[in-house]
Amino acid sequence: MLVSRVFLSTAIAASALIGASAFAQQKLVPAQSEIVFVSKQMGVPVEGRFKKFDAQIAFDPAKPDASKIAFTVDIASASLGVPETDAELPRPNWFNTAKFPQATFQSTAVKGLGGGRFEVSGKLAIKGNSRDVVVPVALTQSGATTTVTGTFPLKRLAFKIGENEWADTSMVADDVQVKFKLALTGVGKM
């Protein structure tokens, strides 16, 4: 009996280590990934992107509720593709990157919806303001790469992005769509 308990304990510990090492192998492939944001300025859609970001992922498609996702975005890497505008984004009225260099996302729950679709709930923090968000994602796999895509809305003023005279939503709309495509390696088969 004692031998079987020791064997069972060893097997459980080994399984946990194997599972942990599988998660440790999950990596973001930045060169194949992107984060885009779309807002409207005077009614015209304007697209920007973040050039630097990273993720720590422990995701098991078979057990999504046990998954953990943490994301950091280097806010100073934001670009709208226009040098004059890009020079404004780091300033205090917009992203205030000197005081708040990163935006973060930390998952609180991951729910499987079937067909490679999931719902990721968590805390999004930008410019010292944290909000609960729910992000619908879709996963596709090709060889060793898993591609995660999704879109979610946010209100820029809830995060104090565009303060003072820029809080006027007739100039820059409050609604922003965040779109992403993330390439990952090391994710188990769906």
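Me: In which strand is the place of threonine 146?

Reply: Threonine 146 belongs to strand β10, which spans residues 145-155. The model discussed here is a predicted one.

Me: Why is threonine 146 called buried?

Reply: The relative accessible area of threonine 146 is 2%. A residue counts as buried under 20%, and threonine 146, at 2%, is therefore buried.

Me: What makes the link between threonine 146 and glutamine 141 a polar contact?

Reply: The side chains of threonine 146 and glutamine 141 are joined at 3.1 Å. The cut-off for such a pair of N or O atoms is 3.5 Å, and the value of 3.1 Å for these two side chains satisfies it. Leaving aside residues up to four places away in sequence, threonine 146 touches several residues, among them Leu139, Leu182 and Val187.

Me: How do you know that β9 and β10 pair?

Reply: Two strands pair if at least two bridges are found between them. Six bridges join β9 to β10, and the two strands run antiparallel. One of the partnerships sets threonine 140 against threonine 147 in β10. Two residues separate the strands of this hairpin, where glycine 143 takes a positive phi near 65°.

Me: What makes β8 and β9 a pair?

Reply: The requirement is at least two bridges, and strands β8 (residues 117-126) and β9 (residues 129-142) share ten in the antiparallel sense. Within this pairing, glycine 122 stands opposite valine 133 in β9. The two strands form a hairpin with two residues between them, and lysine 127 in the turn has a positive phi of about 55°.

Me: Why does serine 107 count as buried?

Reply: Serine 107 has a relative accessibility of 6%. The limit is under 20%, so the value of 6% places serine 107 among the buried residues. Serine 107 lies in strand β7 (residues 102-114). Its side chain reaches the backbone nitrogen of isoleucine 69 at 2.8 Å. Beyond four places in sequence, serine 107 touches residues including Ser67, Val120 and Gly122.

Me: Why is the pair of phenylalanine 37 and phenylalanine 50 called tilted?

Reply: A pair of aromatic rings is described by the distance of the centres and the angle of the planes. The count comes to six aromatic pairs in this protein. In the pair of phenylalanine 37 and phenylalanine 50, the centres are 5.0 Å apart and the planes are at 45°. Stacked applies under 30 degrees and edge-to-face over 60, so 45° leaves this pair as tilted. Phenylalanine 37 lies in strand β2 and phenylalanine 50 in strand β3, so the pair ties together parts that are 13 residues apart in sequence. Both rings belong to buried residues: phenylalanine 37 has a relative accessible area of 9%, and phenylalanine 50 has a relative accessibility of 12%.

Me: What makes the pair of phenylalanine 59 and phenylalanine 118 edge-to-face?

Reply: The planes of phenylalanine 59 and phenylalanine 118 meet at 85°, with the ring centres 5.2 Å apart. Edge-to-face requires an angle over 60 degrees, so 85° qualifies this pair. Phenylalanine 59 lies in the loop between β4 and β5 and phenylalanine 118 in strand β8, so the pair ties together parts that are 59 residues apart in sequence. Phenylalanine 59 counts as buried at 7% relative accessibility, and phenylalanine 118 is likewise buried at 7%.

Terms used:
Residues numbered from 1 in each chain as written. Predicted model: local features only at pLDDT ≥ 70, side-chain atom pairs only at ≥ 80, totals over all residues. Heavy atoms only, no water. Helix = DSSP H or I, 4+ residues; strand = E, 2+ residues; numbered from the N terminus. Buried < 20%, exposed > 50% of the residue type's maximum accessible area, 1.4 Å probe, protein only. Polar contact = N/O pair within 3.5 Å; in protein donor to acceptor, adjacent residues only side chain to side chain. Contact = heavy atoms within 4.5 Å. Phe/Tyr/Trp six-rings, centres within 6.5 Å; stacked < 30°, edge-to-face > 60°.
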